[in-house]
Amino acid sequence: MNAGGDGVMTGYPLRDRLALLAGLAGPFLVALALVPFRTDLSRTNAALILVVVVVAVAAIGSRVAGALAALSAAAWFDFFLTRPYQTFDITASADIETAVLLLIVGLMVSQLAARARRLEVITVTDAGYLARIHETADLAQSAKSSDTVVDHVRRRLTELLGLRGCRFEYGILMGQPPRLEQDGNVAVGRRQWDVDVGGWPDGEIELRTYGNGHYLGRFMLTPGPGAVPPRQARLVAVTLADQTGAALDTAGPVKDG
């Protein structure tokens with residue numbers, strides 16, 4: 001299935017698109033609802049209410065949606081709830097500090113909420129998924145060579161994702177294949193591929209590994225003919241790749257023997 005003609009690939013999956021819309025509209029609507037109370041409501045309390053909106057958006061959406069909600073919250077806080085009203089000017093230094101803190105706190109909590117959402121998905125997976133994570137973690141600590149971990153994870157990814165093939169490339173980034181991302185979604189170029197609707201995109205799919213923030217290599221996944229594994233399984237696959245990156249960063253790709 002190709003990325004151009006049948007509409008299965010969109011800028012974002014439906015849930016994330018709705019979260020982006022909520023990130024734009026939610027803070028605006030809440031700030032507008034607070035207008036009748038702005039003379040009685042402290043600026044700090046108003047900002048805290050808007051932070052709650054940011055957290056809610058990030059929890060149901062993505063980091064991008066949460067960051068957009070934080071920017072929207074800071075803007076509408078300024079416009080509706082600080083003097084002079086209905087402008088984007090702020091005259092009081094305390095209000096400026098509150099608006100800046102609202103933006104900073106909103107951005108921070110949106111990142112934390114999005115990460116918590118991912119961890120929650122992994123938490124509710126079955127015992128088989130957790131066993132793969134624990135098994136790989138134990139191997140990463142005890143293996144004499146990082147290649148042992150790479151081979152182990154390659155086999156586990158094949159089983160977990162129902163792959164026809166899986167190989168590992170050390171330290172190279174050639175071409176722009178579809179990519180399995182940290183949130184379990186698949187990207188083709190700069191756009192999201194709705195894998196749950198359209199199935200895997202054509203060709204190999206890369207799953208990158210990092211150690212201490214540095215790119216170290218990638219698993220190249222060849223999807224099998226069966227159904228696309230659920231998002232929980234794809235998140236576990238990302239976790240296994242992260243464990244591989246940690247092993248590579250610690251020991252380096254030294255061959256056994």
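These are my notebook entries on what I looked up in this structure, which is a predicted model.

**Entry 1: Overview and confidence**

I began with the protein as a whole, which has eight helices and seven strands. Of its 257 residues, 45% are buried. I then looked up the contacts with a separation of 6 or more, and found that 71% of them join residues 24 or more positions apart. The exposed surface comes to about 12900 Å², of which carbon and sulfur atoms supply 61%.

Because the model is a prediction, I next looked up its confidence. The average pLDDT is 83, and 86% of the residues score at least 70. Among the elements, strand E3 (residues 179-180) has the highest mean pLDDT, 96, and strand E1 (residues 9-10) the lowest, 46. The pLDDT is below 50 over residues 1-10, a stretch that has 22 contacts in the model beyond near neighbours in sequence. It is also below 50 over residues 253-257, where I noted 12 contacts of that kind. I keep in mind that predicted coordinates should not be read in detail where pLDDT is low.

**Entry 2: Helix H3 and the loop after it**

I turned to helix H3, which has 19 residues. From first C-alpha to last, H3 reaches 26 Å, close to the 27 Å expected at 1.5 Å a residue. Its buried residues include Ala65, Gly66, Ala69, Phe77, Phe79 and Leu81.

The loop between H3 and H4 holds proline 84. I noted that the peptide bond from arginine 83 to proline 84 is cis, with omega near -5°. Glutamine 86 is also placed in the loop between H3 and H4, and its phi is near 60°, a positive value in a residue other than glycine. With a relative accessible area of 41%, glutamine 86 is partly exposed. I recorded both features because most residues other than glycine have a negative phi, and most peptide bonds are trans.

**Entry 3: Aromatic pairs**

How many aromatic pairs does the structure hold? I found 10. The pair of tryptophan 76 and phenylalanine 88 is tilted, at 6.1 Å centre to centre and 50° between the planes. Tryptophan 76 lies in helix H3 (residues 63-81) and phenylalanine 88 in the loop between H3 and helix H4 (93-123), so their pair ties together parts that are 12 residues apart in sequence. Tryptophan 76 counts as partly exposed because its relative accessible area is 22%, and buried would require under 20%.

A further pair, tyrosine 210 with tyrosine 215, is edge-to-face: the centres are 5.9 Å apart and the planes make 70°. Tyrosine 210 is partly exposed at 33% relative accessible area, and tyrosine 215 is partly exposed at 22%. I also found a cluster in which ring pairs link Phe28, Trp76, Phe79, Phe80 and Phe88.

**Entry 4: Helix H5**

I checked the length of helix H5 (residues 127-142). Its 16 residues should span 22 Å at 1.5 Å a residue, and its end C-alpha atoms are 22 Å apart, which agrees. Which residues of H5 are buried? They are Tyr129, Ile133 and Thr136. Seen down the axis of H5, the buried residues fall within an arc of 70°, so they line one face of the helix. Ala127, His134, Gln141 and Ser142 are exposed on the other side of H5.

**Entry 5: A buried threonine**

I located threonine 244 in helix H8 (residues 231-251). Is threonine 244 buried or exposed? Its relative accessible area is 0%, so I recorded threonine 244 as buried. Leaving aside residues up to four places away in sequence, threonine 244 touches Val149, Val150, Val153, Thr209 and Phe219.

**Entry 6: Two exposed loop residues**

Asparagine 212 is in the loop between strand E6 (205-211) and strand E7 (214-223). Its phi is near 55°, again a positive value in a residue other than glycine. Asparagine 212 is exposed, with a relative accessible area of 66%.

My last residue was arginine 190, found in the loop between strand E4 (186-188) and strand E5 (191-193). Its relative accessibility is 89%, so arginine 190 counts as exposed. I also looked up its separation from proline 178: the two are 12 residues apart in sequence and 9.6 Å apart in space, C-alpha to C-alpha.

Note on methods
Residues are numbered from 1 along each chain as its sequence is written. This is a predicted model: local features need pLDDT of at least 70, side-chain atom pairs count only at pLDDT 80 or more; totals for chains, interfaces and linings use all residues. Side-chain values use heavy atoms; hydrogens and water are left out. Helices (H or I, at least four residues) and strands (E, at least two) are DSSP runs, numbered from the N terminus. Buried means under 20% relative accessible area, exposed over 50%, partly exposed in between (1.4 Å probe, protein chains only). The expected span of a helix is 1.5 Å times one less than its number of residues. The arc is that of the directions from the helix axis to the C-beta atoms. Contact means heavy atoms within 4.5 Å. Accessible areas come from the Shrake-Rupley method with a 1.4 Å probe; for residues, only the protein chains shown count as cover. pLDDT is the predictor's confidence in each residue, from 0 to 100. Rings of Phe, Tyr and Trp (its six-membered ring) pair if their centres lie within 6.5 Å; planes under 30 degrees apart count as stacked, over 60 as edge-to-face and the rest as tilted.
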